[in-house]
Amino acid sequence: TDPQFGLPTDGDTQALASAATRAGQAETALTGAPYHYHVPMNRFKDRLPIIGFAPSPPPLPETALLPLEDTVAVESTWLVTIGLAPAAPNNATEQWLTFNAFKANEKWFDDVRLVWYGAEEPSVTRPIGATLGEELHLVSISVAETVQPGQVLPVESVWLPLQKPSVDYNLFLQLLAADGALVAQSDGPPNGGYTPTSTWPPGKEVSDRHGVALPAELPAGNYQLIAGMYDPNTGKRLSVDQDRDFVEMGSVAVESPSR
């Protein structure tokens with residue numbers, strides 16, 4: 001209750017508590033902040049292990065890589081940042097997680113951001129060969145064929161720019177039920193904003209990692225995965241053909257949780 005640690009309801013404490021509530025027993029929270037280290041050290045008393053990283057530009061030192069590699073060896077990882085925008089150039093920890101895990105979602109608590117990453121790697125690669133607009137060609141995707149409710153569905157897509165993209169598009173991934181109902185989705189710039197499409201060189205393949213957070217109550221069954229690109233300024237999607245503005249990427253099986 002010491003006032004030097006701020007209010008017990010501050011954003012840092014709320015973010016850590018939220019992560020602790022949702023995390024599995026083997027998961028870890030990572031913090032990257034220029035200050036507020038005193039909150040997890042002095043106030044936060046939950047069972048969730050916490051590893052602190054100082055904000056810094058990449059590359060990360062080897063001493064930082066070792067604990068990061070350990071965190072992505074389990075089901076998922078939580079990152080708490082304070083006063084740092086997504087894809088900040090001095091947040092090497094977030095950048096490493098972006099390219100080595102699968103960002104599922106993020107939530108703000110005042111100026112504190114809680115990011116959830118799935119760690120499971122895809123199990124199958126599927127060729128796609130679809131062209132979106134006149135700028136982007138979706139070469140293939142890698143995805144987990146089976147997943148359980150409450151987990152993160154990992155999706156890695158490979159893109160080939162046919163010409164330099166005119167805007168910074170957002171990628172959307174949607175999981176649909178048999179009747180077409182939306183059950184889960186992921187939406188945002190490629191690789192969390194670290195590789196905006198306007199920087200993609202024509203003729204050179206670019207990979208993107210996205211995670212789709214599945215609801216904990218999602219019924220078991222087969223679901224259809226679709227994807228597409230859109231201009232975040234207008235909401236207009238890139239067309240795939242005359243009738244569609246999305247790409248079908250095959251089915252994903254949701255299994256009942258193992259006991």
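This is a short guided tour of a predicted model, with a suggestion at each stop of what to select.

**Stop 1: two stacked tryptophans**

Start by selecting Trp-78 and Trp-116, and show their side chains. The two rings form a stacked aromatic pair, with 5.2 Å from centre to centre and 5° between the planes. Turn the view until you see both rings from the side.

Now colour the strands that carry them. Trp-78 belongs to strand E3 (residues 76-82) and Trp-116 to strand E5 (residues 112-118), so the pair links distant parts of the chain, 38 residues apart. Are these two rings buried or exposed? Trp-78 is buried, because its relative accessible area is 1%, and Trp-116 is buried too, at 7%.

Keep Trp-116 on screen and add Arg-22. This arginine lies over the face of the Trp-116 ring, 4.9 Å from the ring centre.

**Stop 2: a tilted pair**

In total, the structure holds 3 aromatic pairs. For another of them, select Phe-172 and Tyr-230. Their ring centres are 6.4 Å apart and their planes meet at 45°, so this pair is tilted.

Which strands does the tilted pair tie together? Phe-172 sits in strand E10 (residues 170-176) and Tyr-230 in strand E13 (residues 221-230), parts that are 58 residues apart in sequence. Both residues are buried: Phe-172 has a relative accessibility of 2%, and Tyr-230 has a relative accessible area of 14%.

**Stop 3: a salt bridge with a buried arginine**

Next come the charged side chains. Side chains of opposite charge can pair when their charged atoms come close. How many salt bridges does the structure hold? There are 8 salt bridges.

Select Arg-113 and Glu-106 to see one of them. Their closest N and O atoms are 3.0 Å apart. Try switching on the surface here and compare the two partners: Arg-113 is buried, at 0% relative accessibility, whereas Glu-106 is partly exposed, with a relative accessible area of 31%.

**Stop 4: from Arg-237 to Phe-246**

Move on to Arg-237, which lies in the loop between E13 and strand E14 (247-254). Add Asp-245 to the selection: the two side chains meet in a salt bridge, 3.1 Å from N to O. Here both partners are partly exposed, with a relative accessible area of 28% for Arg-237 and 29% for Asp-245.

Before leaving Arg-237, you can draw a distance from its C-alpha to that of Asp-111. These two residues are 126 apart in sequence and 31 Å apart in space.

Now select Arg-244, Asp-241 and Phe-246 together. Arg-244 takes part in two contacts. One is a salt bridge with Asp-241, in which the closest N and O atoms are 3.3 Å apart. In the other, Arg-244 lies over the face of Phe-246, 5.8 Å from the ring centre. Arg-244 is partly exposed, at 30% relative accessibility, and Asp-241 is partly exposed as well, at 35%.

For a wider view of the salt bridges, select Glu-94, Lys-103, Glu-106 and Arg-113. Salt bridges with shared partners join these four residues into one network.

**Stop 5: unusual spots in the backbone**

Hide the side chains for a moment and look at the backbone. Most residues other than glycine have a negative phi, and most peptide bonds are trans.

Select Pro-58 and Pro-59. A cis peptide bond joins them, with omega at about 5°. Pro-59 is in the loop between strand E2 (50-53) and helix H3 (62-71).

Then select Ala-87, in the loop between E3 and helix H4 (92-100). Ala-87 has a positive phi, near 60°. Asp-110 also has a positive phi near 60°; look for Asp-110 in the loop between strand E4 (102-109) and E5. Asp-110 counts as exposed, because its relative accessibility is 63%.

**Stop 6: a cavity**

Rolling a probe the size of a water molecule over the atoms shows where empty space is left. The structure holds 1 cavity of 30 Å³ or more, and the volume of the largest cavity is about 40 Å³.

Which residues line the largest cavity? Select Glu-75, Gly-118, Ala-119, Glu-120, Gln-151 and Val-152. Colour them by type, and the lining divides into 2 nonpolar, 2 polar and 2 charged residues.

How values were computed:
Residues numbered from 1 in each chain as written. Predicted model: local features only at pLDDT ≥ 70, side-chain atom pairs only at ≥ 80, totals over all residues. Heavy atoms only, no water. 1 Å grid on protein atoms, 1.4 Å probe; cavity = no way out; pocket = protein on both sides within 12 Å on 5 of 7 lines; lining within 4 Å. Points joined across faces, edges and corners; volume = space filled by probe spheres on them. Nonpolar A, V, L, I, M, F, W, Y, C, P; charged D, E, K, R; others polar. Buried < 20%, exposed > 50% of the residue type's maximum accessible area, 1.4 Å probe, protein only. Phe/Tyr/Trp six-rings, centres within 6.5 Å; stacked < 30°, edge-to-face > 60°. Helix = DSSP H or I, 4+ residues; strand = E, 2+ residues; numbered from the N terminus. Lys NZ or Arg CZ within 6 Å of the ring centre and 35° of its normal.
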